[in-house]
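Biologist: I have a model open in my viewer and would like to learn how to read its insides. Could you walk me through it?

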Amino acid sequence: MADLDPTFYTDGEIDVNPTDNPTLESIVEGRYSRRAVITRSAGLASVVSMAGFLGGCGGDDAAPTSTATITSAGVQTSSGAIGQLTATAGGDPLTGVQWTQTSGPSVSLENATTLNARFLAPSVAANTPIGFRVTGADPRGLIVSSDVTVMVEPGKIGFSAVPKNLDDIVTVPAGYQVTILYRFGDPINAATPAFANDGTDTNIGSRSGDQHDGMYYFGLAATGTTPDRTNSTRGVLCVNHENIVQRYLHPNGPSPSPRPAGEVIKEIEAHGVSVIEVARGTTGVWAYNQSSPLNRRVTPLTPTQISGPARGNALLRTAFSPDGTAGRGTLNNCALGFTPWGTYITCEENWSGYHRRDASDLTARSAKAQAGLMRYGRGGASGGNYAWTTATPVDAGDTRFAKFNITTNPTAPADGTGDFRHEINQFGYAVEIDPYDPTAVPRKRTALGRMAMEGCWPGLFVSGVKPAWYMGDDSGGEYLYKFVSDTAWAPADANAPNRIATGDKYLDAGTLYAARFNADGSGQWLPLVFGQGNVTAAYAPYAFADQGDVLIHARHAADAQGATRMDRPEWTAVNPGTGEVYLTLTNGPN
């Protein structure tokens with residue numbers, strides 16, 4: 001096959017959403033069109049109200065005055081910052097509060113129908129005033145208003161900008177320095193030699209992986225054995241390794257198919273996650289501790305446990321785990337999350353392209369199974385990224401390469417326990433890792449759903465309130481998700497000695513939701529629960545069997561409930577002061 005070329009790679013970032021669910025683009029267009037109509041209508045209503053009032057006056061009668069008052073104030077701001085607008089009402093109660101801009105560079109007002117509005121300050125080269133007016137109506141319809149001017153200053157970056165250059169080196173402003181903390185190939189134990197960096201190195205599973213991505217720091221006590229969340233000079237750093245630069249892994253670049261086993265093992269092990277101890281020295285320079293007992297690598301071959309509602313599901317059975325409770329490894333790890341009990345969540349993003357599927361499999365699957373594969377980017381035949389499955393096994397029991405081949409074996413049991421047809425269903429999850437315990441088996445938290453997961457960021461943790469995590473599905477036309485635990489937060493669990501067991505408590509039972517946005521600025525979280533709404537056995541094109549099936553095929557469930565299609569939703573973040581959730585949209589080809 002053409003894509004068995006070892007240089008072939010696809011990250012799966014394609015639009016495989018077949019629904020006609022509304023897109024975020026169309027909703028935004030509708031929202032701003034509606035705003036324009038409302039603004040024009042509000043102005044007309046004011047004119048009509050005043051015309052009626054004036055028509056009721058006779059002769060020399062003095063116009064009545066309102067006993068309502070409104071005063072306004074603005075806070076000086078700078079380019080790129082949030083400008084705050086505050087109004088205070090007095091006397092008779094006001095209705096129909098409305099902020100409008102009266103002068104200066106155009107800005108978009110948020111919360112413009114409340115007493116407290118705000119705007120994102122535009123980029124300016126010199127101090128620039130922007131004028132605003134707030135209006136309101138008293139019980140008789142009389143309009144009161146107040147004007148305010150906000151001064152926007154040019155943005156300040158606090159250091160001299162770096163001139164453009166073509167130097168093959170990281171350049172930083174004067175007064176700053178760059179040091180290398182942890183690079184590809186660095187050994188993570190005393191027994192592994194220094195990295196030669198010429199393609200001859202082996203034991204990549206005992207070295208740093210390639211293409212560092214999301215990472216998170218966990219404070220470590222001075223003893224080096226227990227957590228100390230407040231320690232900012234010694235800790236454990238978890239680092240994702242999303243992908244590889246294949247040509248640098250081998251002395252002469254990758255060999256053609258069939259691939260040598262040694263080359264493929266190096267490439268596989270260069271993916272995954274690093275957990276390493278780091279510390280800040282007396283001179284302020286950070287370094288990692290090569291001999292720390294906490295150091296470890298989690299690769300696509302590391303044993304994992306499947307937890308949550310999909311554990312043991314028929315769609316997770318493989319020759320490696322006939323009961324569907326265990327798996328091997330984590331793959332294409334991109335963004336991340338964390339928990340308040342001190343564990344790391346690594347997210348499996350665009351893993352679909354790594355799985356081989358032969359043309360014979362297209363007719364061997366049921367219509368439902370085919371629909372499931374199509375929705376996750378494996379509807380057609382493909383050799384799989386880097387042609388890993390073409391390598392010859394080391395011995396008869398070696399399935400490290402075969403596990404990436406999801407082609408149905410016609411002589412194997414129909415339940416999937418004799419081949420790896422279901423292996424692809426074991427990827428796409430939030431994977432919890434305990435950074436303080438190298439013996440703890442990583443958990444794939446299926447309750448949070450399966451997708452091209454990009455980030456799993458926690459919301460605010462409030463005693464007695466069920467905590468939430470927010471996730472993006474990084475492919476064209478996909479959705480924003482939220483998981484809400486069934487268990488209310490108990491602050492004492494932040495210091496629980498068994499962190500993975502604490503994860504079982506909060507992450508294995510709860511409700512997964514997908515987001516729907518409306519043109520009026522409102523929205524709903526749509527529950528992805530078997531038997532609710534359209535998430536049933538009658539849904540077409542994917543008839544759900546149970547809640548495990550719903551979570552394994554969360555994309556289909558979100559389709560069924562009418563979630564809003566978005567433009568490659570990636571990282572989520574939560575404001576620790578307000579709980580506001582932010583989402584990055586990467587902007588796909590559409």
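**Cores, spaces and cysteines**

Modeller: Gladly. Keep in mind that this is a predicted model. Let us start with the nonpolar interior: the largest nonpolar core has 57 residues, and those with the most contacts inside it are Leu448, Cys456, Met471, Tyr481, Phe483, Leu512 and Leu528. Apart from that core, a second, separate one of 21 residues includes Ile70, Ala87, Leu94 and Val124.

Biologist: Which residues is Cys456 in contact with, leaving aside its neighbours within four places in sequence?

Modeller: Cys456 is in contact with Leu336, Gly337, Phe338, Ile345, Cys347, Ala430, Leu448, Trp469, Tyr470 and Met471.

Biologist: I see Cys347 in that list. How many disulfides does a search of the whole structure find?

Modeller: A disulfide is called when two cysteine sulfur atoms lie within 2.5 Å. Here the search finds zero. For Cys456, the nearest cysteine sulfur is that of Cys347, 5.2 Å away. Cys456 counts as buried, at 0% relative accessibility. Cys238 is in no disulfide either, and its nearest cysteine sulfur, again that of Cys347, is 12 Å away. Cys238 is also buried, with a relative accessible area of 0%.

Biologist: How do I read the empty spaces?

Modeller: Rolling a probe the size of a water molecule over the atoms shows where empty space is left. In this model, the largest pocket has a volume of about 1,100 Å³. Its lining has 29 residues, and Arg31, Glu110, Phe517, Gly521 and Val581 lie nearest the centre.

Biologist: Which element supplies the largest share of that pocket's lining?

Modeller: That is α1, with six residues. Other elements that each supply at least two include β5 (109-110), β24 (510-517) and β28 (581-585). By class, the pocket lining has 14 nonpolar, eight polar and seven charged residues.

Biologist: And how many cavities of 30 Å³ or more does the structure hold?

Modeller: The structure holds one, with a volume of about 40 Å³. Its lining is Phe184, Phe195, Asn197, Gly199, Asp201, Ile204, Tyr248, Leu249 and Lys266. These divide into five nonpolar, two polar and two charged residues.

Biologist: Lys266 belongs to a helix, I think. Is helix α2 mostly covered or mostly uncovered?

Modeller: A handy idea first: an α-helix has 3.6 residues a turn, so residues three or four places apart point the same way. Helix α2 (residues 261-269) is mostly covered, with eight of its nine residues buried. Lys266 is among them, as are Ala261, Val264 and Ile268. The buried residues of α2 pack against β13 (296-298).

Note on methods: Residues are numbered from 1 along each chain as its sequence is written. This is a predicted model: local features need pLDDT of at least 70, side-chain atom pairs count only at pLDDT 80 or more; totals for chains, interfaces and linings use all residues. Side-chain values use heavy atoms; hydrogens and water are left out. On a 1 Å grid over the protein atoms alone, a cavity is a set of points where a 1.4 Å probe fits but cannot get out, and a pocket is an open set with protein on both sides within 12 Å along at least five of seven lines; lining residues have an atom within 4 Å of a point. Grid points are joined across faces, edges and corners, and a volume is the space filled by probe spheres set on the points. Ala, Val, Leu, Ile, Met, Phe, Trp, Tyr, Cys and Pro count as nonpolar, Asp, Glu, Lys and Arg as charged, and the others, Gly among them, as polar. A nonpolar core is a set of buried Ala, Val, Leu, Ile, Met, Phe, Trp, Tyr and Cys residues joined through side-chain atoms within 4.5 Å. Buried means under 20% relative accessible area, exposed over 50%, partly exposed in between (1.4 Å probe, protein chains only). Contact means heavy atoms within 4.5 Å. Helices (H or I, at least four residues) and strands (E, at least two) are DSSP runs, numbered from the N terminus.
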